[in-house]
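Please open the structure in your viewer and keep the selection panel at hand. The stops below go from the whole chain to single residues, and each one says what to select and what is there.

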Amino acid sequence: MQARAGDRLAFAELVKAYQGSVFSIGLRMLTRRDAAEDLAQDVFLQLYRKLDTIESLQHLGFWLRRVAANLAIDWLRRAPYSATLPLDDRTEVIAPDADSDPLMSRELTRLLGELAPHPRAVMLLRYQEDRDVAEIAAMLDMPVNTVKSHIKRSLTALRGRMIGAKLIDCEDLP
């Protein structure tokens, strides 16, 4: 990797290639745009400092997702971000897909935000980042069975809350 040799343009390309994934993990975990931006900045600062430890581009993606998820968990554990919004918060509104239900998406995001930090990280890495159970276990430094347990319990809890809020019907479930 040229970035390891001090090439700033190469490092900027790495940031550009992975910033979406890192920011997305931060946004889904912390539920605030400003928090996700701060988290992404911290992740890429850590990358810059530890670039010599990255073995390959494949390892880089794994490393970035691991650092982003673990930092988000740490932030949530320490002191959750304030419920007040910053004065200059410019929320971008992304048009939903024509076949998606914006209410369902918004409600699901809210329900995911109610999960404890570790289960939330597991769910986001599994269903948003499309990572397999073994990779999530390695990223979050937990046993595979714990990851599976978090997934099963979270899905059960989310399903129950969605039925309770009448977002889904019991007959719709397999």
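What percentage of the 174 residues of the protein chain count as buried? In this predicted model, the buried residues make up 37% of the chain. With the whole chain still selected, switch on a surface: the accessible surface comes to about 11000 Å², and 53% of it belongs to carbon and sulfur atoms.

Next, change to a cartoon view and follow the chain from the N terminus, where the elements run α-α-α-α-α-α-α, giving 7 helices and 0 strands. If you have a contact map available, consider the contacts between residues at least 6 apart in sequence, of which 66% join residues at least 24 apart.

**The nonpolar core**

Select Met29, Leu47, Leu64 and Leu140, which touch the most other members of the largest nonpolar core, a set of 48 residues. At least two residues of this core come from each of α1 (8-30), α2 (33-49), α3 (57-78), α4 (102-113), α5 (117-128), α6 (133-140) and α7 (144-164), and the largest share, 12 residues, is supplied by α3. As background, nonpolar side chains in soluble globular proteins tend to be buried together.

Stay with Leu140 and display its contacts: leaving out residues up to four places away in sequence, Leu140 touches Ala69, Asn70, Ile73, Ala121, Val122 and Leu125.

**Ile151 and Arg65**

Move on to Ile151 in helix α7, which counts as buried because its relative accessible area is 11%, below the 20% cut-off. Beyond residues up to four places away in sequence, Ile151 touches Val122, Met123, Arg126, Tyr127 and Val133. A distance label between the C-alpha atoms of Ile151 and Val122 should read 6.9 Å, although these residues are 29 apart along the chain.

Two of the residues touched by Ile151, Arg126 and Tyr127, deserve a view of their own: the charged end of Arg126 sits over the ring of Tyr127, 5.6 Å from the ring centre.

Now select Arg65, placed in helix α3. Is Arg65 buried or exposed? Arg65 counts as buried, since its relative accessibility is 10%. Its contacts, apart from neighbours within four places in sequence, are Ser21, Ile25, Leu125, Glu129, Arg131, Glu135 and Met139.

**The aromatic pair**

How many aromatic pairs does a search of the whole structure find? The search finds 1, and selecting Phe11 and Tyr48 brings up this edge-to-face pair, with 5.2 Å from centre to centre and 80 degrees between the planes. The pair links distant parts of the chain, with Phe11 in helix α1 and Tyr48 in helix α2, 37 residues apart. Colouring by accessibility sets the two partners apart: Phe11 counts as buried at 13% relative accessibility, whereas Tyr48 is exposed at 52%.

**Two loop residues**

Finally, turn to the backbone and select Asp130, in the loop between α5 and α6, where phi is near 55 degrees, a positive value in a residue other than glycine. Asp130 is exposed, with a relative accessible area of 59%. Then select Asp141, in the loop between α6 and α7, which has a positive phi of about 55 degrees although it is not a glycine; Asp141 counts as exposed at 64% relative accessibility. For context, most residues other than glycine have a negative phi.

Conventions
Residues are numbered from 1 along each chain as its sequence is written. This is a predicted model: local features need pLDDT of at least 70, side-chain atom pairs count only at pLDDT 80 or more; totals for chains, interfaces and linings use all residues. Side-chain values use heavy atoms; hydrogens and water are left out. A nonpolar core is a set of buried Ala, Val, Leu, Ile, Met, Phe, Trp, Tyr and Cys residues joined through side-chain atoms within 4.5 Å. Buried means under 20% relative accessible area, exposed over 50%, partly exposed in between (1.4 Å probe, protein chains only). Helices (H or I, at least four residues) and strands (E, at least two) are DSSP runs, numbered from the N terminus. Contact means heavy atoms within 4.5 Å. Accessible areas come from the Shrake-Rupley method with a 1.4 Å probe; for residues, only the protein chains shown count as cover. Rings of Phe, Tyr and Trp (its six-membered ring) pair if their centres lie within 6.5 Å; planes under 30 degrees apart count as stacked, over 60 as edge-to-face and the rest as tilted. A charge sits over a ring if NZ of Lys or CZ of Arg is within 6 Å of the ring centre and within 35 degrees of the ring normal.
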